Structure formats: structure tokens, C-alpha cells
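Please open the model in your viewer and keep the selection tool at hand, since the tour moves from one selection to the next.

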Amino acid sequence: MKSLGTLRQGVIAMTATFAASTGAALPAEAAPAESRSQVEEPLVIGHRGASGYRPEHTLASYRLAIDLGADYIEPDLVSTKDGVLVARHENEIGGTTDVADHPEFADRRTTKVIDGRPVTGWFTEDFTLDELKTLRAKERLPGVRPANTRYDGRFEVPTFDEVLDLARAEGRRRGVTIGVYPETKHPTYFDGIGLSLEEPLLRALARHHLDRPNAPVFIQSFETTNLRELDTMTKVPLVQLVDASGAPYDLVGRGDTRTYRDLVTPEGLREIATYADALGATKELVLPRDAQGNTGAPSDVVDDAHEQGLLVHVWTIRDENQFMANNFRVGIDPNATGDSIAETQAFLDAGVDGVFTDQADTAVEARREWLASHTPQAG
Ligand code: G3P
Ligand code: CA
């Protein structure tokens, strides 16, 4: 792992080194680049892009997240049949593409066991990239985000290379560094079918001059074994994702009884710090909810993680009431907008170093207000 100080300094250092290390000169109007995320400023991470406003994991979603001020964009990664990494939250694509409307692929619908659970649908590993490119993305949550359905059928499933190209191009256009925060999805499963995710991930980063210390990249996983392997393969910061329930599937698969809750004890965090650089924690682990569904005092997780030199990034802030604790909700409509600015600031008060968000604009505003009220006044 890298030290907390090194990582925080790296946020600024990447600004100075990014253009040179990519081998491409910045356009005159864009130089010098300025990072959006200065030292000590919490990161805003565009979760699946700007998935509150566009179908998730599309170039349009990532581009909008950048427009709205995200420092990093977050592609979840799965593999095609021919070993190409593409951005989807899971390998089953019936819920986020129009594959069901393609009669030529009707016979690919099947049931598989993914991480111990049966899943029925269409799977990226059964499609070549050329075949996948004939599909179009659609909104995952049409009942919650009906406005996003106007974009159904318009956007392709992007490759990881296309996401990296977009981040670089949009960053150069604005004179800022846009980071990329890829997540390996179902790594044990993909290893088991001969489509390991880690090697093509690192090859893609290398092609884009990003497989190096201080690159504007974090690699994340809910599993532990692949992060330990990656720690021997790359200097890019690694993020151990932890949920409030359940256990990493690689541990389950080999009979290890440790749960995510075990991973965030002081002992668990000490172990994580031997191979990872940050903790990606679900909200409830940082701000537990009481019996009424309200948040109260923070848990010890942020302090304990910092004690081990781990950054803490929390997921996922979403504007709609149903995704937040009761004390941040406004009204009773689960799909109406709650006070995600206050919610974000509660997590910043709890000491997190970054937030994943579906709506980067509200997170940026929350951070602006929060920094203004936490910056000592001159004189
Ligand atoms: O990667 C952070 C967060 O995205 C984890 O949850 O399910 O949205 O990938 P998920
Ligand atoms: Ca993710």
C-alpha cells in the first residue's frame, strides 16, 4: 500500500505529471492542468457516471458526471466472450440493455450461478464485443428515474478503453485531470471461466500510461484475493469494498467465514492495509442508522481506517428519498428528492475522503459549502 500522505499528495502530483506521462502535450488553452481535487479535499466520484441523470455506464453518463464536476468517474467492469473489458454493473445485461428486443440473441438467454446465486438472462461473456456493440443501453430504474428513459436506445455499451479515452479527452478539454475508478465485478467467477479481469485491466491502464504510482486511478473490488494479487502486479492504489452484510465471495468460496463486518474491525483493517490503500464503505458502516432509520453518531470505522493509513470513500449518495436515511428525506414520496446535500455533508463531517454519487452536482455543491465552512478565514 501507499501511505495516506502519499496518496493525498498524489492527488496534486498527478496534475503535474499526468500530461507528461501520457506522452501527449496538453493543448495550449488547457495548460497547465489543474486538478479538481486539491490536497485534503474530499473526492467526488461519479457513480456509474451520472447515473441519476442518464442510463448508467454509458459514455453520456460519464461525460455528464465530468460536466457536473466529478473528480473521478466509476466504471464497473465485466468481460466479453473475446476478453474485452466493458462497463456494466453486472455480467447479466437484460436489465440495462435492449438485448431482449434482439431476436437473433433470444437463444442466448440462460440461467447461470453467479457468486452462488442463480441468475437468468443474457451474459456479457456469451457475446463478442462486436455483438455487444449492436445493443443499446437503457435505464435500470425507470420507475424511479423516468426522465432518464428518454435516453433509452441511444447509447452503446462502452469498452474500458473508451472510458479511459473519454476521461483523458474531457480532462484535456477542460484543463483538469479526470480520474478513473474501475471496479472488477465477479472476479472469482470470471477467473473460473477463463476470462480473468485483472490482466486486461492492467494492460488497458498501461496502454493509457496509467499503470504507475500517482496515476489518477483507484482499482476497487468487493473480493480480497484479486486485490492481493493486484498488489503484486501494480502500483495503482487499491480499494477494498465492504458492505454492511454478507462476505467477499472469494472467502465464501473457500470456506473462510470472515464477513465484511469482520473486515472493518481494527484487526480486519490492519489486514486490509497490507494490500490495499483505501476502504470503499457502504454508508451504513460509517453512519449507522437507529431503529427509526435515522443516522446518529459516526461509527469508529473512519478513524480506525485512517489509523491504518487507509483512505475512506463511501458509497452511494443518491438524491432520491428511498436511498437515504429518514432524517435526510423530504416528504414521503420515495422517488422524490431528499436532502442529499445535508447527507453528503454528514459524511464529510464523519471524516470520509470521498463520496460515490449518482448526482455529482449535488455532491460538488455539498463539498463547496462544507469546505467554505471549514476553511479558516484569513486575518
Ligand atoms: O464501487 C462502489 C459502489 O459502486 C459499490 O456498489 O454495486 O454500485 O458497484 P455497486
Ligand atoms: Ca461499483
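Six donors count as octahedral if opposite donors are over 155 degrees apart and all others between 65 and 115, and an arrangement of six donors that fails this is irregular. Keep in mind throughout that this is a predicted model.

Begin by selecting the calcium ion (ligand 2), which is coordinated by Glu74 (OE), Asp76 (OD) and Glu183 (OE) at 2.1 to 2.4 Å. The 6 donor atoms around this calcium ion subtend angles of 58 to 164°, and the arrangement is therefore irregular. If you follow the donor residues along the sequence, their spacing reads E-x1-D-x106-E.

Next, select ligand 1, which sits in the largest pocket, and display the residues that surround this ligand: His47, Arg48, Glu74, Asp76, His89, Glu183, Lys185, Gln220, Phe222, Leu241, Trp315 and Phe356. Coloured by character, the shell around ligand 1 divides into 4 nonpolar, 3 polar and 5 charged residues.

Now turn to individual side chains, where a polar atom of Lys185 lies 2.7 Å from an oxygen atom of ligand 1. Glu74 places a polar side-chain atom 3.0 Å from an oxygen atom of ligand 1, and for Glu183 the corresponding distance to an oxygen atom of the ligand is 3.1 Å. Finally, show the surface: taken alone, ligand 1 exposes 280 Å², of which the protein buries 91%.

Note on methods
Residues numbered from 1 in each chain as written. Chains lettered and ligands numbered in written order. Predicted model: local features only at pLDDT ≥ 70, side-chain atom pairs only at ≥ 80, totals over all residues. Heavy atoms only, no water. Near = heavy atom within 4 Å. Polar contact = N/O pair within 3.5 Å; in protein donor to acceptor, adjacent residues only side chain to side chain. Areas by Shrake-Rupley, 256 points an atom, 1.4 Å probe, with all protein chains shown as cover. 1 Å grid on protein atoms, 1.4 Å probe; cavity = no way out; pocket = protein on both sides within 12 Å on 5 of 7 lines; lining within 4 Å. Sits in = over half its atoms within 2 Å of the grid points. Nonpolar A, V, L, I, M, F, W, Y, C, P; charged D, E, K, R; others polar. Donors = N, O, S within 2.8 Å, 3.2 Å for Na, K, Ca; no water. Tetrahedral: all angles 85-135°; square planar, octahedral: opposite > 155°, others 65-115°.
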